[in-house]
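Colleague: I would like to learn how features of a fold are read from its coordinates. Could we go through them one at a time, with the general idea before the case?

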Amino acid sequence: MSDLAIETSGLIKTFGDTRAVDGIDLRVPTGAVYGVLGPNGAGKTTAVRMLATLLRPDGGEARVFGHDVLREADAVRSRVSLTGQYASVDEDLTGHENLVLLARLLGHRKPAANDRATQLLEAFGLTDAADRQVKNYSGGMRRRVDIAASILNTPDLLFLDEPTTGLDPRSRSQIWDIVRAVVAHGTTVLLTTQYLEEADRLAGRIAVIDHGKVIAEGTPGELKASVGAGAVHVRLRDSWQRAEAREVLERALGTPVQVEADPSALTARILDGEARLGSAEQASRALAELAEAGIAVDDFSLGRPSLDEVFLALTGHVTEPTDDNDDERPTTAKEAAL
Ligand SMILES: Nc1ncnc2c1ncn2[C@@H]1O[C@H](COP(=O)(O)OP(=O)(O)O)[C@@H](O)[C@H]1O
Ligand SMILES: [Mg+2]
């Protein structure tokens with residue numbers, strides 16, 4: 001038995017001239033969130049669909065809990081569940097009716113289906129909305145009911161394909177709590193996202209993908225460490241000292257210092273380099289020099305680089321989250337049946 005939830009090698013899917021997935025190697029450990037991070041069109045949904053046995057790979061191999069997605073598709077299907085941007089909930093039914101119906105389809109008897117629906121609606125903060133039609137739900141409620149539907153039977157591996165794209169910050173953090181709870185119950189989650197912050201917060205490891213290829217892989221910390229040491233933010237007690245503070249910091253850190261909109265705030269990038277000290281030492285030396293120059297500091301912080309900076313450094317372009325939903329392409333009968 002494999003201790004990996006997912007293992008792929010050289011996985012390929014082409015659509016005409018588009019190499020949507022172009023030789024992906026992944027090793028996803030069990031028991032955590034694995035983030036697949038990439039911009040719109042990177043190949044995330046295509047990869048997930050192959051892993052969930054909904055789409056036939058054109059090349060390479062993929063195993064889920066050791067089962068080949070082509071030769072042992074039934075074994076894979078028995079252990080996974082997929083939440084797309086639009087899952088199979090019925091708009092005209094209430095949240096409760098949807099979950100009961102889907103639980104009945106999974107073979108639960110009526111009282112058990114009813115209990116499970118009630119329990120999940122409660123856990124997902126949807127009790128008050130349980131008897132409203134899903135078409136009247138907000139985007140965030142809709143995503144929550146989608147996820148609830150996909151974990152009626154607790155899967156060993158849950159695919160969450162951009163579960164928070166287009167949601168407001170509050171709905172997004174509700175989904176994050178749900179994801180954490182699902183993992184705490186022992187499910188491995190493969191989460192695709194365009195949001196660097198989301199992968200950073202939830203995932204134990206992240207694969208960054210672009211144009212169908214994995215361009216970086218590691219823990220969030222490793223990915224950030226690969227681009228540089230971060231930045232120091234300083235707020236002065238007296239804003240009239242800012243010009244002088246800027247000179248002191250530029251000399252101490254050897255990097256250009258940015259002035260912020262706040263007239264007493266400054267930000268300086270800290271560079272990595274063999275001859276250089278660690279970022280904490282560099283920052284504390286810079287602060288000592290400010291003190292020596294008689295410049296009082298009210299507040300400072302040392303930030304690691306954001307994953308946005310990581311993405312920019314790796315790809316030369318920034319990610320542009322979009323709310324497009326490309327996930328409703330018809331799947332051919334052959335693909336669906338494998
Ligand atoms: N069924 C399809 N037919 C044609 N092209 C497709 C199809 N599915 C995906 N693509 C293309 O493959 C690439 C990857 O798409 P997708 O996997 O949906 O990316 P993501 O989910 O990361 O946004 C895109 O260029 C997309 O237009
Ligand atoms: Mg997608």
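Modeller: Let us begin with the vocabulary: helices (H or I, at least four residues) and strands (E, at least two) are DSSP runs, numbered from the N terminus. This is a predicted model, in which local features need pLDDT of at least 70 and side-chain atom pairs count only at pLDDT 80 or more, while totals for chains, interfaces and linings use all residues. Residues are numbered from 1 along each chain as its sequence is written, and chains are lettered from A and ligands numbered from 1 in the order in which they are written.

Colleague: Where does T53 lie, and what is the sign of its phi?

Modeller: Most residues other than glycine have a negative phi. T53, in the loop between α1 (44-51) and β4 (59-64), has a positive phi of about 65° although it is not a glycine. Likewise H211, in the loop between β9 (205-210) and β10 (213-218), has a positive phi near 50°.

Colleague: Is T53 buried or exposed?

Modeller: A residue is buried if 20 or more other C-beta atoms, placed from the backbone, lie within 10 Å of its own, exposed if 12 or fewer, and partly exposed in between. T53 counts as buried because it has 23 C-beta neighbours inside 10 Å, whereas H211, with 16 C-beta neighbours inside 10 Å, counts as partly exposed.

Colleague: Which residues is D22 in contact with, once its neighbours within four places in sequence are left aside?

Modeller: Two residues are in contact if their C-beta atoms, placed from the backbone, lie within 7 Å. On that criterion D22, which lies in strand β2, is in contact with I12, H211, G212 and K213. D22 is itself buried, with 20 other C-beta atoms within 10 Å, and its C-alpha is 7.5 Å from that of G10, although the two are 12 residues apart in sequence.

Colleague: Which residues are the closest to ligand 1?

Modeller: A residue is near a molecule if its C-beta atom, placed from the backbone, lies within 6 Å of it. Of the 13 residues that surround ligand 1, the closest are F15, A20, K44, T45 and T46. Both β2 (18-29) and α1 supply at least two residues of this shell, and the largest share, 3 residues, comes from α1.

Colleague: In what order do the strands of the open sheet run?

Modeller: Strands of a sheet pair through backbone hydrogen bonds, either parallel or antiparallel; here two strands count as paired if DSSP finds at least two bridges between them. The open sheet has 4 strands in the order β12-β13-β11-β14, with antiparallel pairing. β12 (257-259) and β14 (297-303) stand at the edges, each with a single partner strand, so one side of each is left without a neighbour in the sheet. Strand β11 (residues 230-236) is joined to β14 by 6 bridges, and V234 has F300 as its bridge partner in β14.

Colleague: Which helices pack on the sheet?

Modeller: For directions, axes are lines fitted to C-alpha atoms, for helices over the stretch in contact, and angles run from 0 to 180 degrees between N-to-C directions. α9 touches β11, β12 and β13 (265-270), its direction making about 10° with that of β13. α10 touches β11, β13 and β14, and its direction makes about 165° with that of β14. Helix α9 (residues 242-253) and helix α10 (residues 279-292) also pack on each other at an angle of about 140°, with their axes 9 Å apart.
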